[in-house]
Amino acid sequence: MTKRIYNFSAGPATLPLAVLEKAQKELLNFKDQGMSIMEMSHRSSTFEAVLANAKNGIKDVLAVPDTHEILFLQGGASLQFSMIPLNIAQKDKNVSLINTGIWSKKALKEIKKQAECNVVASSEDKNFSYIPSISDQAIDQQSSFIYLCSNNTIYGTQFKQFPNTNNVPLVADMSSDILSRKIDVSKFGIIFAGAQKNIGPAGVTIVIIRKDLLARSDNNLPAMLNYNSFVDSNSLYNTIPTFGIYIISCVIDWIKDQGGLAAIETNNIEKANMLYEAIDASDYYYCPVEKHDRSLMNVVFRLNDTEEKEKEFFQEAENKGLSGLKGHRSVGGLRASIYNAHPREGIEALIDFMKTFQATNQSKSQVMA
Ligand SMILES: *Cc1c(COP(=O)(O)O)cnc(C)c1O
């Protein structure tokens, strides 16, 4: 077998090796059914047990209260930018949105097609390098919901606490930090996430919705765009992405094996701190994000050097099996995505590489200068 590299890709992202090995072992003959999980009916009892394990597993590890429903949908996180206002925006009411970068801007654009949407806080003035503060009083109680993105995959910022919104449902795009830490689900009206960063393969979107909000959906919505279709059918309104659900179910079991979200969170803090400390301790690298708002999932950094050198860094790292470190095409620079499944050894290898690269290149430019 060829050697697995360290994968720092922002998404689809690295999965736990134990999960991949389990899937490989079970591929040809799943639970003695003589076929793979991909080849069996989504209405078979064998598959339904997998779906139940995924759903109950998320409920357990994230402590989702009975007031909330867990759904598995398709269309990526991006479909939710439209589906959320279609279902829960109320007539003659506005929507409030906190703008922390490209993903919240994309949501804004789609929400505006359904409702008036006001940006109530933004960090655009400093190129999204921080999380804007919003006082609880500033939240417009007349909004049908308030929208934010909990972790900004591209800019490397993350909400460490969430606003108290009183009666206004808080809607959060958690695509890049769901299941990375403990959260109080009861504070949210809707949490949604594409699976491909922290939960499994691309093709499944997880939506956790407070049940009372389901009454807001108009009966005339297309069935595939109405949350109720999926609530009423246990996410089996149509053919669910069965293989994706299976991998999610395995990832949830893996999270439990690690000790649940408390242990995952501790590990994530330690991993991110190792990397941020290495960046801060060096005069060759820097992190453009304000310290208290730095993401534990996406570590954005730059070189105190030319963009050409950043390209060289990226290329040399690729050659050394440290893959996917290029920053998002819209912002440049470098980014190490270190989701739950990214092993500590990968971060140690990256730090070693950074030291060597600095030693080689910094001295060279000093000699030339
Ligand atoms: C990746 C990402 C998305 C887009 O997800 P798709 O499943 O590709 O639609 C949306 N929001 C955030 C925060 C992301 O990181």
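**Figure 1. Helix 3 (residues 76-88) gives the most to the shell around the ligand, contributing three residues.** Welcome to this predicted model; we start at the ligand. Its surroundings are made up of Gly76, Ala77, Ser78, Trp103, Cys149, Asn151, Thr153, Asp173, Ser175, Ser176, Gln196 and Lys197. Sorted by character, the shell has seven polar residues, three nonpolar ones and two charged ones.

**Figure 2. Polar side-chain atoms of Ser78, Thr153 and Lys197 meet oxygen atoms of the ligand.** Begin with Ser78, where an N or O atom of the side chain is 2.6 Å from an oxygen atom of the ligand. Next comes Thr153, with a polar side-chain atom 2.5 Å from a ligand oxygen. For Lys197, the distance from a polar side-chain atom to an oxygen atom of the ligand is 2.7 Å. How much of the ligand's accessible area does the protein cover? On its own the ligand has 380 Å² of accessible area, and the protein covers 86% of that.

**Figure 3. Helix 6 (residues 242-258) packs with helix 7 (residues 260-281).** The axes of the two helices are 7 Å apart and form an angle of about 80°. Helix 6 and helix 7 are therefore roughly perpendicular to each other. On the helix 6 side, the contact is made by Trp254, Ile255, Lys256 and Gln258, while helix 7 brings Gly260, Leu261, Ala263 and Ile264. Five nonpolar residues, two polar ones and one charged one make up this contact of helix 6 with helix 7.

**Figure 4. A cis peptide bond joins Gly11 and Pro12.** Here omega is about -10°. To find the spot, look in the loop between strand 1 (6-7) and helix 1 (17-26), where Pro12 lies. As background for this view and the next one, most peptide bonds are trans, and most residues other than glycine have a negative phi.

**Figure 5. Lys31 has a positive phi.** The value is near 50°, in a residue other than glycine. Where along the chain is Lys31? You will find Lys31 in the loop between helix 1 and helix 2 (45-61).

Terms used. Residues are numbered from 1 along each chain as its sequence is written. This is a predicted model: local features need pLDDT of at least 70, side-chain atom pairs count only at pLDDT 80 or more; totals for chains, interfaces and linings use all residues. Side-chain values use heavy atoms; hydrogens and water are left out. A residue is near a molecule or strand if one of its heavy atoms lies within 4 Å of it. A polar contact is a pair of N or O atoms within 3.5 Å; within protein, one must be able to donate a hydrogen and the other to accept it, and residues adjacent in sequence count only if both atoms are side-chain atoms. Accessible areas come from the Shrake-Rupley method with a 1.4 Å probe; for residues, only the protein chains shown count as cover. Helices (H or I, at least four residues) and strands (E, at least two) are DSSP runs, numbered from the N terminus. Ala, Val, Leu, Ile, Met, Phe, Trp, Tyr, Cys and Pro count as nonpolar, Asp, Glu, Lys and Arg as charged, and the others, Gly among them, as polar. Axes are lines fitted to C-alpha atoms, for helices over the stretch in contact, and angles run from 0 to 180 degrees between N-to-C directions. Angles under 35 degrees count as roughly parallel, over 145 as roughly antiparallel, 65 to 115 as roughly perpendicular and the rest as oblique. Contact means heavy atoms within 4.5 Å.
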